[in-house]
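The following exercises concern a single protein model. Each task is followed by a solution that proceeds step by step.

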Amino acid sequence: MGRRRTPWLRVAVAILGPLVAAGLLVVGSFGLTYVRDQATYVSTDNGMVTGSLVQVSSASNALVSDVKVNPGDRVEQGQRIIVLSAASASGLPVQVRAPISGIVVARHANPGETVAAGRPIVTLVDDSVLWVEARIEETQIARIHPGQAVEVTADSVGQTIAGHVSTVGAATISSSAAATPATSSGPFVKVTQLVPVRIDLDQGKELVVGGSVYVKIRVG
């Protein structure tokens, strides 16, 4: 005669059995989704919004009298942004104007400083055409090619923006070039390199220059 289960054991099996089965189903579903996602996409949160940079400098050695802009300011083409002293034979102040419309991303000098000819004083970025530079691990770069569809998620716009891979840079980095040399105190250690990938956006959005974005490239 078979061994009879106690009532509490039968109740526990009746309650926990479906819960365990449901839990395994959920875990299996997430696992399958993860594997499929890894096979279909290359993703990174190491992406930044950027554009064409233009450096504004003095044509000759000069004293900076005033810098009228700061990083983050928007300027219009022809706007006066820098005042230089003794930058001309006449000794009159020279008004330096913005060569393009865009955003100030860097300020390299302050009033009272002397700058050499050609030394950048302000750096602008043309925000009329922006793109994303994503840094992808070299172990994944062979899966990425120009033309692949990309989903870019930016906090500044609160939604996903469509784009596509434009260029893959520094693709010639070898696996052995990015390793720390062996020493007497430790073994040879491989260091993962990051390869820049330019992503052009398929639609215009209010992106923040220098803002971080999450990038998801469809490779499968």
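**Exercise 1. Locate Thr-50, classify its burial and list its contacts.**

Solution. The structure under study is a predicted model. Step 1: Thr-50 belongs to strand S1, which covers residues 41–57. Step 2: the relative accessible area of Thr-50 is 15%. Buried means under 20%, and Thr-50 is therefore classed as buried. Step 3: with residues up to four places away in sequence set aside, Thr-50 touches Leu-130, Trp-131 and Glu-133. Step 4: Trp-131 also takes part in an interaction with a charge, since Arg-198 lies over its face at 3.6 Å from the ring centre.

**Exercise 2. Determine which strands pair with S1, and in which sense.**

Solution. Step 1: one partner of S1 is strand S8 (residues 120–137); 10 bridges join the two, and they run antiparallel. Within this pairing, Leu-53 stands opposite Val-125 in S8. Step 2: S1 also pairs with strand S14 (residues 212–218), again in the antiparallel sense, over 6 bridges. Two positions give the register: Tyr-41 is opposite Arg-218 in S14, and Met-48 has Ser-212 as its bridge partner. Step 3: Tyr-41 has a further role as a ring beneath a charge, because the charged end of Lys-216 sits over the ring, 4.4 Å from its centre; the limit for such a pair is within 6 Å.

**Exercise 3. Describe the two faces of S14 and its pairing with S9.**

Solution. Step 1: in a regular strand the side chains alternate between the two faces of the sheet. Step 2: in S14, the covered face consists of Val-213, Val-215 and Ile-217. The uncovered face holds Ser-212, Tyr-214, Lys-216 and Arg-218. Step 3: strand S9 (residues 149–154) and S14 pair in the antiparallel sense over 5 bridges. Val-215, a residue of the covered face, is the bridge partner of Val-152.

**Exercise 4. Is Val-105 buried, partly exposed or exposed, and which residues does it contact?**

Solution. Step 1: Val-105 lies in strand S6 (residues 102–107). Step 2: with a relative accessible area of 33%, Val-105 is partly exposed. Step 3: beyond its neighbours within four places in sequence, Val-105 is in contact with Leu-53, Pro-71, Thr-123, Leu-124, Val-125 and Val-209. Among them are Leu-53 and Val-125, the residues that stand opposite each other in the pairing of S1 with S8. Step 4: the C-alpha atoms of Val-105 and Thr-50 are separated by 10.0 Å, with the two positions 55 residues apart along the chain.

**Exercise 5. Analyse the surroundings of Gln-203.**

Solution. Step 1: Gln-203 is placed in the loop between strand S13 (194–201) and S14. Step 2: its relative accessible area is 34%, so Gln-203 is partly exposed. Step 3: apart from residues up to four places away in sequence, Gln-203 touches Thr-160, Ile-161 and Ala-162. Step 4: for Ile-161, 42 residues apart from Gln-203 along the chain, the C-alpha separation is 7.2 Å.

**Exercise 6. Establish the strand order of the open sheet of 4 strands and identify its edges.**

Solution. Step 1: the order is S5-S4-S2-S7, with antiparallel pairing. Step 2: strand S5 (94–97) and strand S7 (114–115) are the edge strands, as each pairs on one side only. Step 3: at the S7 edge, strand S2 (residues 62–67) and S7 pair over 2 bridges, and Leu-63 stands opposite Thr-114 in S7.

**Exercise 7. Summarise the whole protein and decide where its coordinates call for caution.**

Solution. Step 1: the protein contains 1 helix and 14 strands. Of its 220 residues, 27% count as buried. Step 2: among contacts with a separation of 6 or more, 71% come from residues 24 or more positions apart. A search of the whole structure for aromatic pairs finds 0. Step 3: the mean pLDDT is 80, and 70% of the residues reach 70 or more. Confidence is highest in strand S4 (residues 80–85), at a mean of 95, and lowest in strand S11 (residues 179–180), at 44. Step 4: over residues 171–182 the pLDDT stays under 50, although the model has 19 contacts beyond four places in sequence for this stretch. Where pLDDT is low, the predicted coordinates should not be read in detail.

Methods:
Residues numbered from 1 in each chain as written. Heavy atoms only, no water. Buried < 20%, exposed > 50% of the residue type's maximum accessible area, 1.4 Å probe, protein only. Contact = heavy atoms within 4.5 Å. pLDDT = per-residue confidence, 0-100. Pairing = 2+ DSSP bridges. Phe/Tyr/Trp six-rings, centres within 6.5 Å; stacked < 30°, edge-to-face > 60°. Lys NZ or Arg CZ within 6 Å of the ring centre and 35° of its normal.
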